[in-house]
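The following exercises ask the reader to work through a single protein chain, from its overall make-up to individual side chains. Each task is followed by a solution in steps.

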Amino acid sequence: MSELFDQLPNAQAKRQAAAERARQRRRRKLRTMVVTFVAVALLAMSSVIAWPHVKTLLDLSGTAAADYEGEGSGEVIVTIPEGSTGRDIAQILLSNRVVASERAFIDAFNNDKRAASIQAGSYKLKQNMSAVSALAGLLDPDSRAEISVTIPEGFTAAQISARLVKVMGYDAADVDNVLADPAAIGLPQEAGGKVEGWLSPVTYTFAPDTTPKEALSAMVSQRVSELNSMGLPREKWQRTIIVGSIVEREVNWPDYYGQVARVIENRLTDTSQVNGRLQMDSTVLYGVGKSGGVPTKEEIEADTPYNTYRNAGLPPTPISNPSAAVIAASANPPQGDWLYFVTVNLETGETKFANNLDEHNTYVGELRQWVADHPGQAQSSGASGR
């Protein structure tokens, strides 16, 4: 009986302890509710401040997708790589703060059949655009931000540099620095460290943030791709480009590319009339820093490695950047014994070829008569055979 009475105080203590623990649990729960409420309130406030034009949509799966309203503001350039999927594009737009969420853009993409026609490239868009507006921007040709640069056939490296400075807005010194480091732009070993001839003259489309190194690398890459497509052996690359660079500057009519290349080959091996000398104005002009016109007597007598009146053989490097068509024609010129050629009509481009000086001089007379009948026209007699 005494043992029962001894246990009563312990039972009471246990009840008091249990009550205290219950009170503590209630206090912790209350604190948690308060903290959660405050956190939610702060999050809501930050959302209002950071995303004033964001609305919440429900996609087909019932998941909330944030989306801006309206056409946005400001300007941002986004670049869509080749082969990008709708999800890839959504990620790019989100990282540039164009759209509010990937899901919103993906929904817009999937709901518009035109979305599959989005082209790779750079676009001028706005930030905080609705997904539908962003999609419309990518489909609008006026949103394209690329810069087109056309390199004319036969331009020299110096002329290409000037074109890039003018069109792309580069600093001339930056372009020169890149040209001075041919390895940096992927120039193959066959070029001998000289970029002339290795910048393919086509039209390029560059993003606004394209660097001089990237632009020039693209030109070299295009040239290498052309040579590979022709199946031209690597050991013939440089020599063929040199011949082609002369053909490009001597005649402007595709019908005559191959024949002029044959004239060059015949002159290199001739031992009776020209003795291996090309005697071409285009090489002389390149040697004195010019890219067109008719050389003066002093320029023809100038002692440069490119003076093919004085020196037999090919010049040491290309003298221009020829087109792929000219290179192909120079690689496989037609058979013929021609040593001379002259364009006798500067309007039609008619060019006549001869295998001796007397016949050639007859054709030169035709050119002179044409020039006399057409005063003011620029005279270009091609390879004169002097």
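In this predicted model, residues 24 or more positions apart account for 62% of the chain's contacts with a separation of 6 or more. The chain contains 13 helices and eight strands. Of its 386 residues, 42% are buried. The exposed area is about 20,900 Å², of which carbon and sulfur atoms supply 52%.

**Exercise 1. Determine on which side or sides strand 7 is covered, and describe its pairing with strand 8.**

Step 1. In a regular strand, side chains alternate between the two faces of the sheet.

Step 2. In strand 7, residues 340-343, Tyr 340 and Val 342 lie on one side, and Phe 341 and Thr 343 lie on the other.

Step 3. All four of these residues are buried, so both faces of strand 7 are covered.

Step 4. Strand 7 runs antiparallel to strand 8 (residues 351-354), and four bridges join the two. Within this pairing, Val 342 stands opposite Lys 352 of strand 8.

**Exercise 2. Establish how the buried residues of helix 6 are arranged and what they pack against.**

Step 1. Helix 6 spans residues 172-179, and its buried residues are Val 175, Val 178 and Leu 179.

Step 2. These residues cover an arc of only 100 degrees around the axis and therefore lie on the same side of helix 6.

Step 3. The spacing follows a general rule: an α-helix has 3.6 residues a turn, so residues three or four places apart point the same way.

Step 4. The buried residues of helix 6 pack against helix 5 (157-168) and helix 7 (212-230).

Step 5. At the N-terminal end, helix 6 is capped by Asp 171, which has a side-chain oxygen 2.8 Å from the backbone nitrogen of Ala 173.

**Exercise 3. Classify the aromatic pair of Trp 198 and Trp 237, and state which parts of the chain the pair ties together.**

Step 1. A pair of aromatic rings is described by the distance of the centres and the angle of the planes.

Step 2. The structure holds seven aromatic pairs. In the pair of Trp 198 and Trp 237, the centres are 6.0 Å apart and the planes make an angle of 55 degrees, which makes the pair tilted.

Step 3. Trp 198 belongs to the loop between helix 6 and strand 6 (203-206), whereas Trp 237 belongs to helix 8 (residues 237-250); the pair therefore ties together parts 39 residues apart in sequence.

Step 4. Trp 198 is buried, at 0% relative accessibility, and Trp 237 is buried, at 0% relative accessibility.

Step 5. Ring pairs also link Tyr 256, Trp 338, Phe 341 and Phe 353 into a cluster.

**Exercise 4. Asn 275 has a positive phi, as does Gln 279. Are these residues buried or partly exposed?**

Step 1. Most residues other than glycine have a negative phi. Phi of Asn 275 is near 55 degrees, and that of Gln 279 is about 50 degrees.

Step 2. Asn 275 lies in the loop between helix 9 (257-269) and helix 10 (281-287); Gln 279 also lies in the loop between helix 9 and helix 10.

Step 3. With 42% relative accessibility, Asn 275 is partly exposed. Gln 279 has a relative accessible area of 3%, under the 20% limit, and is therefore buried.

Terms used: Residues are numbered from 1 along each chain as its sequence is written. This is a predicted model: local features need pLDDT of at least 70, side-chain atom pairs count only at pLDDT 80 or more; totals for chains, interfaces and linings use all residues. Side-chain values use heavy atoms; hydrogens and water are left out. Buried means under 20% relative accessible area, exposed over 50%, partly exposed in between (1.4 Å probe, protein chains only). Two strands pair if DSSP finds at least two bridges between them. Contact means heavy atoms within 4.5 Å. Accessible areas come from the Shrake-Rupley method with a 1.4 Å probe; for residues, only the protein chains shown count as cover. The arc is that of the directions from the helix axis to the C-beta atoms. A polar contact is a pair of N or O atoms within 3.5 Å; within protein, one must be able to donate a hydrogen and the other to accept it, and residues adjacent in sequence count only if both atoms are side-chain atoms. Rings of Phe, Tyr and Trp (its six-membered ring) pair if their centres lie within 6.5 Å; planes under 30 degrees apart count as stacked, over 60 as edge-to-face and the rest as tilted.
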